[in-house]
Amino acid sequence: MSDMENPPTGEPRYVKRRVKGCSLDVHPTEKALVVQYEVEATILGELGEPMVEERKSCQKMIRLKSLNANTDTASLAHKVVEECQLIHPSKLAEVEQLLFYLQNRKQSSDNQEKKNISPRDFMPYSGVELDEEASIGSIDEYVELLYEDIQEKIRGAAFIFQLAQNADYLEELQQHEVVLGALARVLREDWKQSVDLATTIVSVFFCFSSFSQFHSLVTHFKIGALCMNIVEHELKRFELWKDELQKKKKAADEFPDNQSLRKDHDKSLRKYQSLLAKQEQLLKVSLYLLLNLAEDTRTELKMRNKNIVQMLVKLLERDDQELLLVAVSFLKKLSIFLENKNDMAEAAAVEKLARLVPCDHQELQSATCRLLLNLSFDTALRGQMVRAGLVPRLSSLLADEAQRQLAMCVLYHISMDDRFKSVFAHTDCIPQLMKMMLGGEEQLDVELVSLCINLAANRSNAQLFCEGNGLKLLMGRALKLKDVLVMKMIRNLSQHGGDTKNLFLDHVGDLAAQIGEDEAEEFVIECLGTLANLTIPDLDWELVLREYDLVPYLKRRLKPGSAEDDLILEVVVLIGTVSMDDSCAAMLAKSGIIPALIDLLNAQQEDDEFVCQILYVFYQMAFHKATRDVIIKDTQAPAYFVDLMHDGNAAIRRVCDNTLDIIAEYDEEWAKKIQTAKFCYYNSQWLEMVENRLLDEPFLYGDDGESFSGNRDVLERPDLFYAADGILSGDGSISPSFYADIQSSGEAGNLSSSLDQFVPSAPVPADRPVSNRSFRPDERFFYSCTANASR
């Protein structure tokens, strides 16, 4: 036998295959079982010894089209095991369990969104419907059709698209490079000649783009860049069509009796509508393909550089809801990046989105709200939303349970700006929010309560919240459930004056009863803050303090470290409010709260908020004789006021200035100290100059050699002041000639009116002095400023 007849030892004789490691799972979106297994192939030599071994992971999908709610899963499981040789009979129970799961699985919202962009949604037009079923075995014939005329190219592309809709054929089509290369070539060369051809070929590549593992294939043929060109070109064509149609309509309107112009316009309108329908189908599939490719941020950046944002915003003017859905979804994805958000702002995207709220397409409505939510993080865009009238539009969505949460989140962002809060008072938003707040549910959505908290900070909104029994119902819910957020809303309502604040008179006792160690600190903080806002003249604070025994609690909480700083601060604010009352101030002085405030001031001297509120308490107490004597004679509070008189915080300076004025009028010794301190501060540069010239200028010393700036009071040396020629006489009094000059110039009336403003217009009690700024506590001018600045 020759060598050809007797192969040498070791030459391969046959291949042995074996299936190993079979596992079962369900398909994530379809009613199908997925069988994953491993094929082990061994090439044996002449003597049967293994020469080469290879392993390959494979997957088989078993589609269960007949599976429904009435299917007998046990019988179906037997049938699946019998027909599929890959599944061992021992796995019968597992197959039945998986079938039962598929039978009862509900479609999730994510699957629903996936369904909306599946390849089967992009069916060919009626003009390219096929009269036969496509076969993977005839793929070469379909490729040959791509080299014929336009109609045959459309037919060939339609066959390939029919195959591509089946995900099982995508890998085979990927391996057949001639098919995809021919499709890409035809699309590149002929897409302007036929919209049907372009739509069908782009749909084929869309099927590949639906799976991330094929993105490199789509990118290889530069289909993304081609789709960008298609979208840009079609947008320009649309503008030309629209301009031409408007010209014909204008001509027909100018000459209504000319029937030929009317017929020409009607014919152009029908043609425009037909072309528009086809164009929107092409735009839809092209944008979905680009949206899939945009999973890669580098690809997305390339799209942005080609003005994808501006194109998508232009598409918001269209009426086709499916096209609007893909455009809004794409913009939503792009909006998470700052640069894209800025591009949307420049293109006035918010104004164009406003017309989509509300709409009858649920998915489009949801996508629009999500896009608005992303954009609402920008302050300027929130302003555009208000100007576009989105507040009442979004408020109308609160009745729709599917869109309620998204609408509420956008409204919450808008409500964060004080300038936009008043807009809500002119919509039906607040009545709907109150209905949801009082709907009976124990657990309220955080977004709902947060929106109400923001809106309650506006006076007009607060009146709407409190209409009827609104405040009573809110208070009942907050106290019953110990709801901190609802109480925070009530606290915001209590800060408004007028009738709204007077409504709280009926609830003072309920609020005071919540203050104690047994309640949660967060809830007590809100109750204290609400009471502190109730600056109502008719409220008897002494009765409240006695009936609910609040003074011992307030004193204990003033001790540094006795509770959280927020709670201690609210205690200080409440003491400032009740100190407006004479009897309350005396009660607090007797209880020893004033020394406790001094200790707290020492402990919290670095915290401006604490310092300002504690000083305000002393300011209020300075109006009452019982507490004023204690502050001046038994504490170092006046010294603190002098030290803080020129603090960097403007609110602290105002408190100190007004309080020192009161102290100076009551106590002569402190009046002199305060005057000297103010003089030294405002003339610090001059005093420094005097100190530096002591040795160089002997005339600055008196006869006894003592410096004028030493132990002597610098205010007692008028000879060191600047001269006031014609005004001051030698003894320091105003000269008569000054008055004569004033009268001759006709300014005597102005001088008189200027001096009159320092004269009290009404008698003042002896124990309640008027400051030299003509300020009386009854006016409560400073308190309102402090409350706004520090609380």
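This briefing covers the overall make-up, nonpolar cores, aromatic pairs, charge-over-ring contacts and two loop residues of the structure above. The model is predicted. The chain holds 43 helices and three strands, and 46% of its 791 residues count as buried.

**Overall make-up**

- The exposed area of the chain is about 41,800 Å², and carbon and sulfur atoms supply 49% of that area.
- Taking contacts between residues at least 6 apart in sequence, 67% join residues at least 24 apart.

**Nonpolar cores**

- The largest nonpolar core comprises 201 residues. Within this core, Leu-183 and Leu-394 are the residues with the most contacts.
- A second core, separate from the largest one, has 20 residues, and Ala-77, Cys-84, Val-95 and Leu-102 are among them.
- Once residues up to four places away in sequence are set aside, Leu-183 touches Leu-146, Ala-157, Ile-160, Ile-201, Val-204 and Phe-205.

**Aromatic pairs**

- The count of aromatic pairs is nine.
- Phe-208 and Phe-214 form an edge-to-face pair, because their planes stand at 85 degrees, over the 60 degrees that this class requires. The centres of these two rings are 5.4 Å apart.
- Both members of that pair have little accessible area by the 20% limit for burial: Phe-208 is buried because its relative accessible area is 1%, and Phe-214 is buried because its value is 5%.
- Ring pairs also bring in Phe-211, so that Phe-208, Phe-211 and Phe-214 are linked into a cluster.
- Phe-238 and Tyr-272 have ring centres 6.4 Å apart. Their planes are at 35 degrees, so this pair is classed as tilted.
- Phe-238 belongs to helix H10 (residues 223-254) and Tyr-272 to helix H11 (residues 259-293), so the pair ties together parts that are 34 residues apart in sequence.
- Phe-238 and Tyr-272 are both buried.

**Charges over rings**

- Phe-238 also has a charged partner: the charged end of Arg-318 sits over its ring, 3.7 Å from the ring centre.
- Elsewhere in the chain, Arg-628 lies over the face of Tyr-666, with a distance of 4.4 Å to the ring centre.

**Loop residue Ile-136**

- Ile-136 is placed in the loop between helix H3 (109-116) and helix H4 (139-145).
- With a relative accessible area of 24%, Ile-136 is partly exposed, because this value falls between the 20% and 50% limits.
- Apart from neighbours within four places in sequence, Ile-136 is in contact with Leu-163, Tyr-169, Glu-172 and Leu-173.
- Phe-159 is 23 residues from Ile-136 along the chain, and the C-alpha atoms of the two are separated by 9.4 Å.

**Loop residue Gln-514**

- Gln-514 lies in the loop between helix H28 (508-512) and helix H29 (521-532).
- Gln-514 is buried, because its relative accessible area of 10% is under the 20% limit.
- Not counting residues up to four places away in sequence, Gln-514 touches Leu-479, Lys-482, Glu-519, Phe-523, Val-524 and Cys-527.
- The two loop residues thus fall into separate classes of accessibility: Ile-136 is partly exposed, whereas Gln-514 is buried.

Methods: Residues are numbered from 1 along each chain as its sequence is written. This is a predicted model: local features need pLDDT of at least 70, side-chain atom pairs count only at pLDDT 80 or more; totals for chains, interfaces and linings use all residues. Side-chain values use heavy atoms; hydrogens and water are left out. Helices (H or I, at least four residues) and strands (E, at least two) are DSSP runs, numbered from the N terminus. Buried means under 20% relative accessible area, exposed over 50%, partly exposed in between (1.4 Å probe, protein chains only). Contact means heavy atoms within 4.5 Å. A nonpolar core is a set of buried Ala, Val, Leu, Ile, Met, Phe, Trp, Tyr and Cys residues joined through side-chain atoms within 4.5 Å. Rings of Phe, Tyr and Trp (its six-membered ring) pair if their centres lie within 6.5 Å; planes under 30 degrees apart count as stacked, over 60 as edge-to-face and the rest as tilted. A charge sits over a ring if NZ of Lys or CZ of Arg is within 6 Å of the ring centre and within 35 degrees of the ring normal. Accessible areas come from the Shrake-Rupley method with a 1.4 Å probe; for residues, only the protein chains shown count as cover.
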